[in-house]
Amino acid sequence: MMKHVLLIALLSLGSFGCHHKQADTEPRGEMVDNTAHPTPGGGEGAMIPPEKMDEVQTNLGRRQMIVSRCLAIAMENQEVKRGTKGHITFEIKIDTSGHAESVKVIKTDIEAKSVSDCATKHVQETGFPTLPKPYETSYTFAMEAN
């Protein structure tokens with residue numbers, strides 16, 4: 001019995017004690033630098049702050065009533081049927097001075113060109129905040145008139 005205990009002890013030492021290698025804690029390979037560094041020609045100021053993006057969306061939201069009026073005018077002119085409703089989505093590029101550089105209808109389910117033209121005009125007239133770099137966004141207006 002003593003031989004068995006001794007044999008087990010020797011086998012245990014062989015697998016755990018003598019041949020155990022210390023883990024290597026030194027990093028291998030290329031180091032990655034995750035710290036922020038300014039980029040040439042604009043640095044950290046080139047990012048558009050979230051508050052400015054929110055202001056752009058708020059300013060567009062304030063135009064909801066006047067853009068919806070475009071559909072009402074088309075209905076009064078009998079260009080669309082009474083009770084027409086739908087959506088119009090714009091792609092808007094805003095320059096650094098806060099003006100709409102380009103405004104394009106990218107999707108609409110209201111077929112009257114006069115509605116798209118009128119709504120585009122109102123989006124172009126929207127005042128936006130000054131920005132550190134040009135900003136591209138999209139916005140969808142819901143339109144309904146009786």
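The expected span of a helix is 1.5 Å times one less than its number of residues, and this rule will be of use at the second stop of the tour. The model on your screen is a predicted one, in which local features need pLDDT of at least 70, side-chain atom pairs count only at pLDDT 80 or more, and totals for chains, interfaces and linings use all residues. Residues are numbered from 1 along each chain as its sequence is written, and side-chain values use heavy atoms, with hydrogens and water left out.

**The whole chain**

Begin with the whole chain in cartoon view, where you will find 4 helices and 3 strands, which run α-α-α-β-β-α-β from the N terminus on. Helices (H or I, at least four residues) and strands (E, at least two) are DSSP runs, numbered from the N terminus. Of the 146 residues in the chain, 29% are buried, where buried means under 20% relative accessible area, exposed over 50%, and partly exposed in between (1.4 Å probe, protein chains only).

**Helix H2**

Next select residues 50–61, which make up helix H2. Its 12 residues should span 16 Å at 1.5 Å a residue, and the C-alpha atoms at its ends are 16 Å apart, which agrees. Within H2, colour Val56, Asn59 and Leu60, which are buried. Seen down the axis of H2, these buried residues fall within an arc of 100° (the arc of the directions from the helix axis to the C-beta atoms), so they line one face of the helix. The face turned away from this buried side carries the exposed residues Glu51 and Asp54. If you now show the neighbouring elements, you will see the buried residues of H2 pack against H3, E1, H4 and E3, where contact means heavy atoms within 4.5 Å.

**The nonpolar core**

Now select Leu60, Leu71, Phe90, Ile92, Val115, Phe141 and Met143, the residues with the most contacts inside the largest nonpolar core, which has 29 residues. A nonpolar core is a set of buried Ala, Val, Leu, Ile, Met, Phe, Trp, Tyr and Cys residues joined through side-chain atoms within 4.5 Å. Among the elements that give two or more residues to this core are helix H3 (64–76), strand E1 (85–94) and strand E3 (135–144), and H3 gives the most, with 6 residues. Centre the view on Ile92, which, leaving aside residues up to four places away in sequence, touches partners including Leu60, Val103, Val123 and Tyr139.

**The aromatic cluster**

Keep Phe90 and Phe141 on screen and add Tyr139, since Phe90, Tyr139 and Phe141 form one aromatic cluster. Rings of Phe, Tyr and Trp (its six-membered ring) pair if their centres lie within 6.5 Å, and planes under 30 degrees apart count as stacked, over 60 as edge-to-face and the rest as tilted. The structure holds 2 aromatic pairs, one of them between Phe90 and Phe141, which is edge-to-face at 6.0 Å centre to centre with 80° between the planes. Phe90 lies in strand E1 and Phe141 in strand E3, so the pair ties together parts that are 51 residues apart in sequence. Both Phe90 and Phe141 are buried.

**Two last stops**

Select Ile66 in helix H3, which is partly exposed, with a relative accessible area of 35%. Its C-alpha atom is separated by 9.5 Å from that of Cys118, although the two residues are 52 apart along the chain. Finally, move to Gln78 in the loop between H3 and E1, which has a positive phi of about 60° although it is not a glycine, and which counts as exposed at 72% relative accessibility.
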